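Visitor: Got a minute to go through this one with me? I'd like to ask a few things as we look.

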Number of protein chains: 2
Amino acid sequence: MAEPAKSSPLSELRIALPSLPMRLQQVGRFVAANDYDATTRSMRDLAAEAGADPAAFTRLAKAIGYSGWDELRAALTEARRPSQTSPFSGRAKSHLHGPNSDVALVTDKLVAEAAGLPRIPAQPIAEAARALHDAKRIWIAGYRSCRSVAELLNYELRLFRPEQVQLVGASGPDDLDLGAFRPGEAVIVVGFLPYTHASVRVAQAAHRSGATLIAIADSLAAPMAEGADHVLLFEAASSPGFFPSLTGAIAIAQSLAAVTFSLGGVVAKKRLENTEARLTAASTYVSEKG
Amino acid sequence: MAEPAKSSPLSELRIALPSLPMRLQQVGRFVAANDYDATTRSMRDLAAEAGADPAAFTRLAKAIGYSGWDELRAALTEARRPSQTSPFSGRAKSHLHGPNSDVALVTDKLVAEAAGLPRIPAQPIAEAARALHDAKRIWIAGYRSCRSVAELLNYELRLFRPEQVQLVGASGPDDLDLGAFRPGEAVIVVGFLPYTHASVRVAQAAHRSGATLIAIADSLAAPMAEGADHVLLFEAASSPGFFPSLTGAIAIAQSLAAVTFSLGGVVAKKRLENTEARLTAASTYVSEKG
DNA sequence: CATTTCATGCAACAAATGTTTCATGGCCGA
DNA sequence: TCGGCCATGAAACATTTGTTGCATGAAATG
């Protein structure tokens, strides 16, 4: 049996939480959500704010293996101490093997991807957003790993333009949709090497139909970028690893949605509020009260 | 008397320092150098470590305009409070309108998200990957905007473990899958504020079943993180914009897949090659030559 | 239904906290 | 040299802190 991650007092708390009495759960959640206050303010003070008995804090600490609240707070304090420069960010050069080679891999990957994001050209995104804003209808296509990007874009755009945004192939074979593209509409295609035939076919159909074609790709030479009105480039291979990085594509998709929403002004805002109200009414989300 | 400009308690201290008695200077320097301990440990404790009298701390606080040590410490505590709003949020407002406001918005968003990535803790990802490696079966759940993350993870893991990875709800109502969780399996739940009921239900079912629960969330206080064996945190609100940022979640998902693949060794490599060969044979991809 | 267990709030407790007072000793100006 | 001034440490103070014993009531157990 794998040992649970007992590195941080918060993870101990998190693990033990579900098996605790109700009031202790409530207090535990409060501590997890306000751990900075937990280290700085007094127990009674916290109890007053959480609306619980001071004794509950002592009992919580004991329930997860500490001798008392003081000891728990000391652990939280140490975990939060700033000077500790993340014991693993010591830039392990031993990438080959070692106890922390996995950690080094993750760190390198994250740093590399972070470096790639600011290199994404912002201007084309703003222009593409303008095109989306003007489009009567928006189609989105992405296959294989790029499907996640396409679906995210679809989701966010539908939040404020529910009737005008559609995934290609959402309601039947792709081929049916390919014939439905019209001038004045916009088609977004997401893809990178190796390029799927399906995405190329969507791009070509869009181009032929006279619709505005927006390509989110890793290269200007990508087949689906041919004839595109807007090409949004990201660096898929910028990070070490085994799969191309989609971080850049996601960042582009979210920026695109954000700017398009911004262009939508009060109308978009109103529609977003309606959507949110509907979701709340359907009690999709957990209430925020803790 | 008139109070000095209250930019920061530490700067007040630094300014007033030279005109103070010798002992108070010594204590003041100690506070400036150990301000984290100053906010967390007791006055007497600090006095012992600094080799000074406890009263000196009270006198220092009064000397720079506070009513007592408690008030000084409260100011230091607030100054150190982790900012819930990113340092870029202030700048975003500066160019809300203008000729290139859209471009500026995109740039800010990208820079902010890039800054957030290296802050993702790498260690938990490596540990979670180890858990995935050991799992006999892997379930993945994510709803609404988080569905894109879940599907990406599902796609990449299936590249080298096709028969052991499954999206919750992929082949019927979620409820059917919830009863299928078993000890020795792993369940990954992706979610951030506002949390959907569906994701919380999956997390609870996983915990009850004895399966290893891995949560990818924006907060340790997230409901689906309760009882989780591994929690992978990202900053959803780190960037200016209208939707929570998924860039961090995507980066985590891809790192997780990469490390898991790495742990899989030659077996995983072989399976990936098989999958690629099959896709090539089906001519899914456009040939690389011309 | 009777009994036990347990979660929970209240109140009293001892310990620790920040503050104040007081005595001491060094320093500078008459 | 004397007298006032102030910095400084030690001890006493009132408050606040974390803890624990006890009573109550609800839920589980027989």
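Guide: Sure, ask away and we'll take it topic by topic.

Guide: Some ground rules: this is a predicted model, where local features need pLDDT of at least 70, side-chain atom pairs count only at pLDDT 80 or more, and totals for chains, interfaces and linings use all residues. Residues are numbered from 1 along each chain as its sequence is written, with chains lettered from A and ligands numbered from 1 in the order in which they are written.

Visitor: How many helices and strands are there in chain A?

Guide: Chain A has twelve helices and five strands; these are DSSP runs numbered from the N terminus, helices being H or I with at least four residues and strands E with at least two.

Visitor: What about domains in chain A?

Guide: The assignment, automatic or from a database, gives domain 1 (9-80) and domain 2 (116-281). Their centres, taken over C-alpha atoms, are 45 Å apart.

Visitor: Is helix H1 of chain A mostly covered or mostly open?

Guide: Mostly covered: six of the eight residues in H1 (9-16) of chain A are buried. Buried means 20 or more other C-beta atoms within 10 Å of the residue's own, with C-beta atoms placed from the backbone. Among the buried ones are A:Leu10, A:Leu13, A:Arg14 and A:Ile15.

Visitor: And what covers them?

Guide: The cover includes helices H2 (22-33), H3 (35-40) and H6 (69-80) of chain A, together with strand E5 of chain B.

Visitor: Switching to the interface: how many residues of each chain are in contact?

Guide: 73 residues of chain B are in contact with 71 of chain A, where contact means C-beta atoms, placed from the backbone, within 7 Å. On the chain B side there are 40 nonpolar, 21 polar and twelve charged residues. Nonpolar covers Ala, Val, Leu, Ile, Met, Phe, Trp, Tyr, Cys and Pro, charged covers Asp, Glu, Lys and Arg, and the others, Gly among them, are polar.

Visitor: At what angle do H2 and H5 of chain B pack?

Guide: Helix H2 (22-33) and helix H5 (54-63) of chain B pack at about 90 degrees, with axes 9 Å apart. That makes H2(B) roughly perpendicular to H5(B), a label for angles of 65 to 115 degrees. Residues meeting there include B:Leu24 and B:Val27 from H2(B), and B:Phe57 and B:Leu60 from H5(B).

Visitor: Last one: which residues touch the most other members of the largest nonpolar core?

Guide: A:Ile188, B:Ile188 and B:Ala215, out of 161 residues. Such a core is a set of buried Ala, Val, Leu, Ile, Met, Phe, Trp, Tyr and Cys residues joined through C-beta atoms within 7 Å.

How values were computed:
Contact = placed C-beta atoms within 7 Å. Axes fitted to C-alpha atoms, helices over the stretch in contact; angles between N-to-C directions. Parallel < 35°, antiparallel > 145°, perpendicular 65-115°, else oblique. Buried ≥ 20, exposed ≤ 12 C-beta atoms within 10 Å, placed from the backbone.
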